[in-house]
Amino acid sequence: MKPVTLILAAALMLPSSFSFASETANTLSEQEQKDGWVLLFDGSTTDGWTGTRTEGFPEIGWVVENGELVVLPAPGDANHSGGDIITTQEYKNFELSLEFKLAEGSNSGIKYFMDPNLLKEKGSALGLEYSILDDAAHPDAKQGVAGNRTQGSLYDLIPAGITLEPEKIKQMNKPIGEWNQARIVVKGGNVQHWLNGIRVLDFKRGSPSFRALVANSKYAGKENFGEWKSTPILLQDHGDRVAFRNVKIRKLEMTRKKP
């Protein structure tokens, strides 16, 4: 008998449809509900979220306004603001979708598969990060290696869009002040980052190539980095204004080849 192997479902390779229409923000269509989508932000409360450095949701640094979950600008670094927030639930195989809007010069990120032992320590938790950044105005875009800190990148590890044609690269980012859509798909070790409907990178957690990238990054020496089995979803407070909406997730099932 051949060993049972896990394969990616076809849905992993297909972009989700998305809309920037404000009148449908923070709602799920009937089809989305059938497909298993669940809202992580209802547009009016912070239910389902907690701070990484606080008991409950931070009392400063974050607000809900106009159907948006907003991290506010703060003096100094993120340690003087409300801090990062995470979902109270954890996920293993999932598709996460959200819209974000940057202010000029802003920096943030979506983190997943963080080191659970570091979530309550001072500073930002270490984990895989979907970079959210004003590439034109924030200096971090020019740091790292080959653009691996730019928007949509796997922060400090894999640049977004390096295999795309120039025309596709131009389409990746919306202008500052407009809504962008981020999408992260995790199926076993396989991960994809999507930006505004364009798949900008993919990688396999725990693979030799992934571990080599980690060993040559700021995460070198961090045991099991990015390889935990489950994770909450983290939105980063970097002391800059960023708005989020249409934050939703669905659990994905693994399919098995017949023996």
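The legends below describe close-up views of one predicted model.

Local features are reported only where pLDDT is at least 70 and side-chain atom pairs only at pLDDT 80 or more, while totals for chains, interfaces and linings use all residues. Residues are numbered from 1 along each chain as its sequence is written, and side-chain values use heavy atoms, with hydrogens and water left out.

**Figure 1. Overview of the chain.** The secondary structure comprises 3 helices and 15 strands; helices (H or I, at least four residues) and strands (E, at least two) are DSSP runs, numbered from the N terminus. The chain has 259 residues, of which 49% count as buried. Buried means under 20% relative accessible area, exposed means over 50%, and partly exposed lies in between (1.4 Å probe, protein chains only). The exposed surface of the chain is about 12,800 Å², with 51% of it supplied by carbon and sulfur atoms; accessible areas come from the Shrake-Rupley method with a 1.4 Å probe, and for residues only the protein chains shown count as cover. Among contacts (heavy atoms within 4.5 Å) with a separation of 6 or more, 70% join residues 24 or more positions apart.

**Figure 2. The salt bridge between glutamate 32 and lysine 248.** Over the whole structure, 10 salt bridges are found, a salt bridge being a side-chain nitrogen of Lys or Arg within 4 Å of a carboxyl oxygen of Asp or Glu. In this view the side chains of glutamate 32 and lysine 248 pair at 2.4 Å, N to O. The two residues are 216 residues apart, glutamate 32 in helix α1 (residues 30-34) and lysine 248 in strand β14 (residues 242-251). Glutamate 32 is buried at 17% relative accessibility, and lysine 248 is buried at 11%.

**Figure 3. The salt bridge between glutamate 65 and arginine 241.** The N to O distance between these side chains is 2.7 Å. Because glutamate 65 lies in strand β4 (residues 62-65) and arginine 241 in the loop between β13 (234-235) and β14, the pair ties together parts that are 176 residues apart in sequence. Glutamate 65 is partly exposed, with a relative accessible area of 29%; arginine 241 is also partly exposed, at 31%.

**Figure 4. The salt bridge between glutamate 68 and lysine 101.** Here the side chains meet at 4.0 Å, N to O. Glutamate 68 belongs to strand β5 (residues 68-71) and lysine 101 to strand β7 (residues 94-102), so the pair ties together parts 33 residues apart in sequence. Glutamate 68 is buried, at 12% relative accessible area, whereas lysine 101 is partly exposed, at 24%.

**Figure 5. Surroundings of glutamine 151.** Glutamine 151 sits in the loop between β9 (128-133) and α2 (166-172). Its relative accessible area is 3%, and glutamine 151 is therefore buried. The side chain of glutamine 151 makes a polar contact of 2.6 Å with the side chain of asparagine 173. A polar contact is a pair of N or O atoms within 3.5 Å; within protein, one must be able to donate a hydrogen and the other to accept it, and residues adjacent in sequence count only if both atoms are side-chain atoms. Leaving aside neighbours within four places in sequence, the contacts of glutamine 151 include Phe100, Leu102, Ser131, Asn180 and Leu195.

**Figure 6. Isoleucine 85 and proline 58.** Isoleucine 85 is in strand β6 (residues 85-87) and is buried, with a relative accessible area of 0%. Between isoleucine 85 and tryptophan 62, 23 residues apart along the chain, the C-alpha separation is 9.2 Å. Apart from neighbours within four places in sequence, isoleucine 85 contacts residues including Trp49, Phe57, Pro58, Trp62 and Leu234. Proline 58 is in the loop between β3 (49-51) and β4 and is buried at 6% relative accessibility. With the same neighbours within four places set aside, proline 58 is in contact with Gly51, Gly82 and Ile85. Proline 58 and glycine 83, 25 residues apart in sequence, are 7.3 Å apart, C-alpha to C-alpha.

**Figure 7. The largest nonpolar core.** A nonpolar core is a set of buried Ala, Val, Leu, Ile, Met, Phe, Trp, Tyr and Cys residues joined through side-chain atoms within 4.5 Å. The largest one has 46 residues, and Phe94, Ile110, Tyr112 and Phe244 touch the most other members. Strand β7 gives the most to this core, with 5 residues. Outside its neighbours within four places in sequence, phenylalanine 94 contacts residues including Tyr112, Ile184, Val186, Ile249 and Leu252.
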